[in-house]
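Open the model in a viewer and keep the selection tool at hand. The stops below go from charged pairs to the sheet, the core and the rings.

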Amino acid sequence: MAARIPIQSLHHFAYRCRDAEETRHFYEDLLGLPLAHVIRADNVPSTGEYCPYVHIFFEMRDGSYMAFFDLGDGQAAEPSANTPDWVNHIALQVESEAELHAARARLEAAGVEVLGVTDHGFVRSIYFFDPNGIRLELTTRTAPAARLDEFKASAHAELADWVRTRPLAASR
């Protein structure tokens, strides 16, 4: 087996946004993630393609970032036509259930529709959409470390069972 790539952590996850200031307000003023870096350019560094943009980064406590590209055209990313809107989302962790409930109250006071608190058996979560239509989850761990270790120990067997029995397997 080849050596594993030494990935340390998530640096950032980037989405398109329709308005950098609207997005800044939501992530910094409402969620409390400070605006930490702004890149403004006319050409895409990796391809050289001409496409004026601003790339904004919001820092989380662990040093990772949520990032957004505003292409200056007022367009948000299109949802995937073949995927339910609850599938693609970003889950951000908070420290405690008290913080989760406080976040829910803050979001609702700002007019954001919030679903949950949902108990997943190992975490509790709330769900909502940002101004760009991106689904977000705030979650807090509720299972002890030993239970998480049990999940890890059975993960490969659970996945193999799904692959063997999933509905698509019967139709092939």
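The salt bridges come to a count of 10 in this predicted model. Start by selecting Glu 21 and Arg 24, whose side chains form one of them at 2.8 Å, N to O. Both residues belong to helix H1 and sit 3 residues apart, about one turn of the helix. Arg 24 is buried at 18% relative accessible area, while Glu 21 is partly exposed at 47%.

Keep Arg 24 and add Asp 29: these two form a salt bridge as well, with 3.0 Å between the closest N and O atoms. Asp 29 is partly exposed, at 35% relative accessible area. Add Glu 28 to complete the view, since a network of salt bridges links Glu 21, Arg 24, Glu 28 and Asp 29.

Next, go to helix H3 (residues 145–165) and pick Arg 147 and Glu 150, which are 3 residues apart, about one helical turn. Their salt bridge has its closest N and O atoms 2.7 Å apart. Is each partner buried, partly exposed or exposed? Glu 150 is partly exposed at 43%, and Arg 147 is partly exposed at 38%.

Now show the open sheet of 4 strands, ordered S5-S8-S7-S6 with mixed pairing. Its edge strands, each pairing on one side only, are S5 (89–93) and S6 (115–119). From one strand to the next the twist averages 25°. S5 and S8 (residues 135–141) run parallel and are joined by 5 bridges; Gln 93 stands opposite Thr 139 in S8. Add helix H2 (residues 97–109), which packs on the sheet and touches S6, S7 (123–129) and S8. The direction of H2 makes about 15° with that of S7.

For the core, select Leu 107, Phe 128 and Leu 138. Among the 25 residues of the largest nonpolar core, these three touch the most other members. Elements giving two or more residues to this core include S3 (50–59), S4 (65–70) and H2; H1 gives the most, with 4 residues. Around Leu 138, leaving out residues up to four places away in sequence, the contacts include Leu 92, Leu 100, Leu 107, Ile 126 and Phe 128.

Phe 128 leads on to the rings. The whole structure holds 9 aromatic pairs. One of them is Phe 13 with Tyr 15, a tilted pair at 5.2 Å centre to centre and 45° between the planes. Phe 13 is partly exposed, at 35% relative accessible area. Finish with Phe 26, Tyr 27, Phe 58, Phe 68 and Phe 128, which ring pairs link into a cluster.

Technical notes
Residues are numbered from 1 along each chain as its sequence is written. This is a predicted model: local features need pLDDT of at least 70, side-chain atom pairs count only at pLDDT 80 or more; totals for chains, interfaces and linings use all residues. Side-chain values use heavy atoms; hydrogens and water are left out. Rings of Phe, Tyr and Trp (its six-membered ring) pair if their centres lie within 6.5 Å; planes under 30 degrees apart count as stacked, over 60 as edge-to-face and the rest as tilted. Buried means under 20% relative accessible area, exposed over 50%, partly exposed in between (1.4 Å probe, protein chains only). Two strands pair if DSSP finds at least two bridges between them. Axes are lines fitted to C-alpha atoms, for helices over the stretch in contact, and angles run from 0 to 180 degrees between N-to-C directions. Contact means heavy atoms within 4.5 Å. A nonpolar core is a set of buried Ala, Val, Leu, Ile, Met, Phe, Trp, Tyr and Cys residues joined through side-chain atoms within 4.5 Å. A salt bridge is a side-chain nitrogen of Lys or Arg within 4 Å of a carboxyl oxygen of Asp or Glu.
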